[in-house]
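Colleague: I should be grateful for a close look at one part of this model, taken together with its surroundings. Please set out what the coordinates show and how confident the predictor is.

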Amino acid sequence: MNKCRAGQKLIPEALYGELDMKTQEKLDRHLSSCRECSELYRKMSETLRIMDEKPAPDPGPNFWDGYWDRLERRMAREAGARTQEVRAAGPPPGRRRTRLVPRWTFGAAGAVLLFATGIFIGRTFFRPTADLARSAAISKSSPAAGLSVTTAAAVAPLAARASRYLDRSKVLLLAVVNYDPQASDLFSLNLPLQKKTSEELVKEAAVLKKELRASDRRLERLVSDLEIILIQIANLKSETDLSAVEIIKSGIESKDVLFKINLSEMRRSSEMGGAAARPSDPKRKPAKSGPAA
Amino acid sequence: MSRENKAGLADRMIAGDTSAFRDLVEAYKKMVYGLAYEMTRNHADAEDVSQIAFMKVFKSIGTLKPGCGLNAWLYRIVYNTALDHLRKKPFFPKAAAPAPAALFSDPPDPSLGPEKAAEFAFLRRRIDDALAKISERERAAFVLRHYHDLNLKEIAETLGITLGSAKSYLFRSIRKLQKELAGMGLCLDKGDLL
């Protein structure tokens, strides 16, 4: 029985010719003497013969002709999909660890960006109005002018601007008129600052004149007179050019510019005082006294 | 392509020859498809498995040790890919399983006559049915031995089993096929399985 079992297990190898000569002879001897094993050998051999009738699966030439193209397309498609997955997943952890820029720089950059955005929003949406900005500038440069700015803020923008213009011009003219080369230092005039202020006022005069033409002809003429004098101051070459300073002084006096400025201030003060006395206009505040005439 | 030339394909691929992969596909595509078809019993699945197997070959050709048989290595990739594919496929109860796809048999020889041609078609159908009824490992052992001419050592290497197990699977596969065919009236008698 054991001999049969061992012999039967050799039958497939014998059928496919994989047995060595010695084992094959041994099996042949057993098969010739054992009917059961011989019968099994015959049946298995018959089975293999029947299985030979099955051809290899073959989908046909059309399938094989396009096989490489289909495979190549699929490989390209899957390589593309893999690349996208890698991109979507970001760099691998190893690369993150070895990046050149330290992690804290991203935080710092974010803070700077946030700060810059805050400044931009503040400047764009919460900037002070032009009038207030100018008021601040005048109050910085001249305490006297700053005094009138408080008053001007309560009146109409044009009147306020005109008032500030007169205040600044007056301060400038007083500096020139009171300049005495014999009594004071030749360089006490601080010509660069005066020239710069004059240039600013000349530029502002052009706009003011245009706006005042329709509402206040008297004030417009005063601004025109001032403009000429301011142009002369702006064109002064040196404090030591005494003749030019004298010409400016005579111009101020001949046209009574300072007197006219004082008159304008008084008129404005009275207007504002009257308005403050009227109880019907709650927005108006009592006017403060303007600069001394 | 001779066996030496086929073995040289792997060396060419490892050396970086870009045309070697196409040559390898052309040389092995029928063999790869054949095993994939026998394992999956379906044309679409067989093509899918064969393409995946070739892509695996392309990616991992560098892992092939010099001197190792390309055939066994390639068959092992196809076999494992087919098993993975079968495991991922949805389960159908046998009664509800879809009918097998049409066979790709050679057209019958017109000289045989219609009766003989019909007989051959019937026989091939029965053989296919018998193969479908044995286990995947037994079927792989039989197909590799009978249709792909691999010896038992190569079969063992391909299936990742011992030589003794390969012999056992081959023996059992032939006996089961014998029983199936006998049940269909194609063998002399059924014969008891050992």
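Modeller: What follows is an account of helix α2 of chain B, its setting in the chain, and the contact between the chains. The model is a predicted one, and its scores are ipTM 0.79 and pTM 0.52.

Chain B has 8 helices and 0 strands. Of its 194 residues, 34% count as buried. Where contacts in chain B have a separation of 6 or more, 57% of them are accounted for by residues 24 or more positions apart.

Within this chain, α2(B) packs against helix α4 (residues 70–88) of chain B at an angle of about 35°, and the two axes are 10 Å apart. The crossing of α2(B) and α4(B) is right-handed. On the α2(B) side, the residues that take part are B:Y28, B:V32, B:L35, B:A36, B:M39 and B:T40. They meet B:L74, B:Y75, B:V78, B:Y79, B:A82, B:H85 and B:L86 of α4(B). By class, the residues of this contact comprise 11 nonpolar, 2 polar and no charged.

One residue of this packing, B:L35, merits separate attention. B:L35 lies in helix α2 of chain B. It is classed as buried because 27 other C-beta atoms lie within 10 Å, where 20 or more suffice. Neighbours within four places in sequence aside, B:L35 is in contact with B:Y75, B:V78, B:Y79, B:V143 and B:H148. Among these partners, B:Y75, B:V78 and B:Y79 also appear in the α4(B) side of the helix packing. A further spatial relation concerns B:S50, which is 15 residues from B:L35 in sequence, with a C-alpha to C-alpha distance of 8.7 Å.

The helix also has a part in the contact between the chains. That contact takes 34 residues from chain B and 27 residues from chain A. On the side of chain B that touches chain A, at least two residues each come from α2 (18–40), α3 (43–60), α5 (114–133), α6 (136–146) and α8 (163–183). The most is given by α8(B), with 7 residues. This side of chain B divides into 18 nonpolar, 8 polar and 8 charged residues.

As for the partner, chain A has 14 helices and 0 strands, and 23% of its 293 residues count as buried. Among contacts in chain A between residues at least 6 apart in sequence, 61% join residues at least 24 apart. Helix α12 (residues 217–234) of chain A offers a check on geometry: at 1.5 Å a residue, its 18 residues should span 26 Å, and the end C-alpha atoms are 25 Å apart, which agrees. The buried residues in α12(A) include A:L219, A:L222, A:V223 and A:L226. A:E227, A:I229, A:L230 and A:I233 are buried there as well.

Finally, confidence in chain B should be stated. The chain averages a pLDDT of 81, and 78% of the residues score at least 70. In chain B, confidence is highest in α6(B), at a mean of 92, and lowest in helix α1 (residues 3–14), at 72. Over residues 95–99 of chain B the pLDDT is below 50, and this stretch has 2 contacts in the model beyond near neighbours in sequence. Residues 190–194 of chain B also stay under 50, although the model has 12 contacts for them beyond four places in sequence.

Notes:
Residues are numbered from 1 along each chain as its sequence is written. Chains are lettered from A and ligands numbered from 1 in the order in which they are written. This is a predicted model: local features need pLDDT of at least 70, side-chain atom pairs count only at pLDDT 80 or more; totals for chains, interfaces and linings use all residues. Two residues are in contact if their C-beta atoms, placed from the backbone, lie within 7 Å. Helices (H or I, at least four residues) and strands (E, at least two) are DSSP runs, numbered from the N terminus. Ala, Val, Leu, Ile, Met, Phe, Trp, Tyr, Cys and Pro count as nonpolar, Asp, Glu, Lys and Arg as charged, and the others, Gly among them, as polar. pLDDT is the predictor's confidence in each residue, from 0 to 100. The expected span of a helix is 1.5 Å times one less than its number of residues. A residue is buried if 20 or more other C-beta atoms lie within 10 Å of its own, exposed if 12 or fewer, and partly exposed in between; C-beta atoms are placed from the backbone. Axes are lines fitted to C-alpha atoms, for helices over the stretch in contact, and angles run from 0 to 180 degrees between N-to-C directions. A crossing is left-handed if the near helix is turned anticlockwise from the far one by less than a right angle, and right-handed if clockwise.
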